[in-house]
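Thanks for making time, everyone. Please have the sequence and the model open while I talk.

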Amino acid sequence: MNPHDALTEIATLLERERSSRYKSKAFRAAADAIAGLSAEELADAASLRRRKGIGESTFAVIQQALAGEVPEYLEDLRERAGMQRSSSLRGLLRGDLHSHSDWSDGLTSIDLMVDAARTLGHEYLALTDHSPRLRVANGLSPERLREQLGVVAGMSGHGFTLLSGIEVDILDDGSLDQQPELLDELDVVVASAHSKLRMDRAPMTRRLVAAASNPHVDVLGHVTGRLVEGSRGTRPPSTFDARAVFSACAEHGVAVEINSRPERQDPPDELMALALEFGCLFSIDSDAHAPGQLSLLDYGAERAERLGVPPERIVTTWSLDRLRAWTTRERGA
């Protein structure tokens with residue numbers, strides 16, 4: 001097989017597994033290192049070993065691919081990925097409203113995220129890098145976000161649309177961490193709490209209700225903030241009056257995010273059932289921080305189907321025209 005394709009697929013599958021970011025970046029760096037090399041240059045093993053970006057593991061992958069084999073490393077990753085569950089709902093998803101690039105804490109450039117979304121058959125993807133207060137995630141200042149809008153504007157076409165967006169931090173009082181006039185310019189606003197997740201029940205309820213009632217917000221992201229597995233350890237869910245929060249979401253047409261990351265599984269099953277009872281809309285999102293993580297939608301779709309969420313209540317099954325009509329419902333557009 002093609003060595004460049006093998007290295008890229010390995011990086012993608014490592015990202016899906018949420019493996020060490022250094023592993024996936026190493027394979028992407030190796031793919032970049034051999035991009036454009038001739039067959040003769042690839043066959044020169046001694047020169048290839050000395051090339052910057054090529055290590056022992058990536059060299060072995062290249063050699064096995066050149067020999068016409070599926071590299072062992074790739075074969076193992078494919079086998080593990082093939083064990084994932086699928087659902088009929090997954091085939092109805094047209095896009096994803098929550099993703100990150102290296103403009104904030106994502107691992108790769110915007111164009112690689114776009115390429116991966118196209119490969120998965122997405123019709124649209126919202127780029128939702130973080131807002132300024134989340135400095136640990138290199139959140140975008142107003143100036144950087146305006147600069148990014150210019151980049152996003154040139155990345156659509158051929159049946160695919162990259163939507164401008166943000167994952168805006170919900171501040172302690174429920175206000176949003178970005179200039180309102182700038183939020184007005186975005187296609188999609190995902191609002192999430194990233195700090196003080198152990199806030200007392202009453203103020204946390206007020207905080208989330210205020211965010212869900214804000215006319216700029218389209219999606220309430222990973223609503224409990226919990227972590228149930230993974231390298232970051234576990235974290236209990238925030239405590240709040242879920243009935244009040246989901247009532248606000250339903251009243252204002254805000255979608256409750258079904259966060260597809262296996263370490264989040266947020267909201268928990270019982271809260272998804274409650275949001276369904278309150279008539280909420282849902283958005284099945286990957287919260288991808290790398291191209292390979294866009295396929296994590298598989299997990300969210302499986303959960304939604306198992307819990308009986310009707311496809312018509314999931315905004316990411318909607319056409320782009322219908323989605324745009326929904327996101328502009330409160331913005332006077």
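I will go through helix packing first, then a few single residues. Keep in mind that this is a predicted model.

Let's start at the N-terminal end, with helix α1. That is residues 3–16. Its first partner in this talk is helix α2, residues 21–34. The two axes come within 8 Å and cross at roughly 160°. How do α1 and α2 run relative to each other? Anything over 145 degrees counts as roughly antiparallel, so α1 and α2 are roughly antiparallel. Their crossing is left-handed.

Who meets whom here? From α1 we have Pro3, His4, Leu7, Thr8, Ile10, Ala11, Thr12, Leu14 and Glu15. From α2 come Lys23, Ser24, Phe27, Arg28, Ala30, Ala31 and Ile34. Sort the residues of that contact and you get 9 nonpolar, 4 polar and 3 charged.

Now the second partner, helix α5. It covers residues 56–66. Again the axes come within 8 Å, and the crossing with α1 is roughly 135°. That angle makes α1 oblique to α5. The handedness here is right-handed.

On the α1 side, the contact uses Pro3, Ala6, Leu7 and Ile10. On the α5 side, look for Thr58, Val61, Ile62, Ala65 and Leu66. This set divides into 8 nonpolar, 1 polar and no charged. Note that Pro3, Leu7 and Ile10 appear in the α5 contact, and that they are listed in the α2 contact as well.

Next, the loops. Find the one between β7, residues 281–285, and α13, residues 297–306. Two residues there deserve a look.

Take Asp287 in that loop. Asp287 is not a glycine, yet its phi is positive, about 55°. Is Asp287 buried or exposed? Its relative accessible area is 2%, so Asp287 is buried.

Leu294 sits in the β7 to α13 loop too. Its relative accessible area is 0%, which means buried. What surrounds it? Setting aside neighbours within four places in sequence, Leu294 is in contact with Asp96, Ser99, Met113, Ala116, Ala117, Leu120, Leu125, Ser286 and Ala288. Here is a link back to α1. Leu294 and Arg16 are 278 residues apart in sequence, but 7.6 Å apart in space, C-alpha to C-alpha.

A second positive phi turns up at Asn138, again about 55° and again not a glycine. Asn138 is in the loop between β2, residues 124–127, and α8, residues 142–152. What is its exposure? Asn138 has 37% relative accessibility, so it counts as partly exposed.

Now a backbone detail. Which residues does a cis peptide bond join? They are Asp266 and Pro267, with omega about 0°. Pro267 belongs to the loop between β6, residues 255–259, and α12, residues 269–277.

Last stop: Thr327, in helix α14, residues 320–327. At 4% relative accessible area, Thr327 is buried. Its side chain reaches the backbone oxygen of Arg324 at 3.2 Å. Leaving out residues up to four places away in sequence, Thr327 touches Asp187, Val188 and Asp218.

To recap the helices: α1 is roughly antiparallel to α2, and oblique to α5. Among the single residues, Asp287 is buried, while Asn138 is partly exposed. That's my tour.

Terms used
Residues numbered from 1 in each chain as written. Predicted model: local features only at pLDDT ≥ 70, side-chain atom pairs only at ≥ 80, totals over all residues. Heavy atoms only, no water. Helix = DSSP H or I, 4+ residues; strand = E, 2+ residues; numbered from the N terminus. Buried < 20%, exposed > 50% of the residue type's maximum accessible area, 1.4 Å probe, protein only. Polar contact = N/O pair within 3.5 Å; in protein donor to acceptor, adjacent residues only side chain to side chain. Contact = heavy atoms within 4.5 Å. Axes fitted to C-alpha atoms, helices over the stretch in contact; angles between N-to-C directions. Parallel < 35°, antiparallel > 145°, perpendicular 65-115°, else oblique. Left-handed = near helix turned anticlockwise from the far one by under 90°. Nonpolar A, V, L, I, M, F, W, Y, C, P; charged D, E, K, R; others polar.
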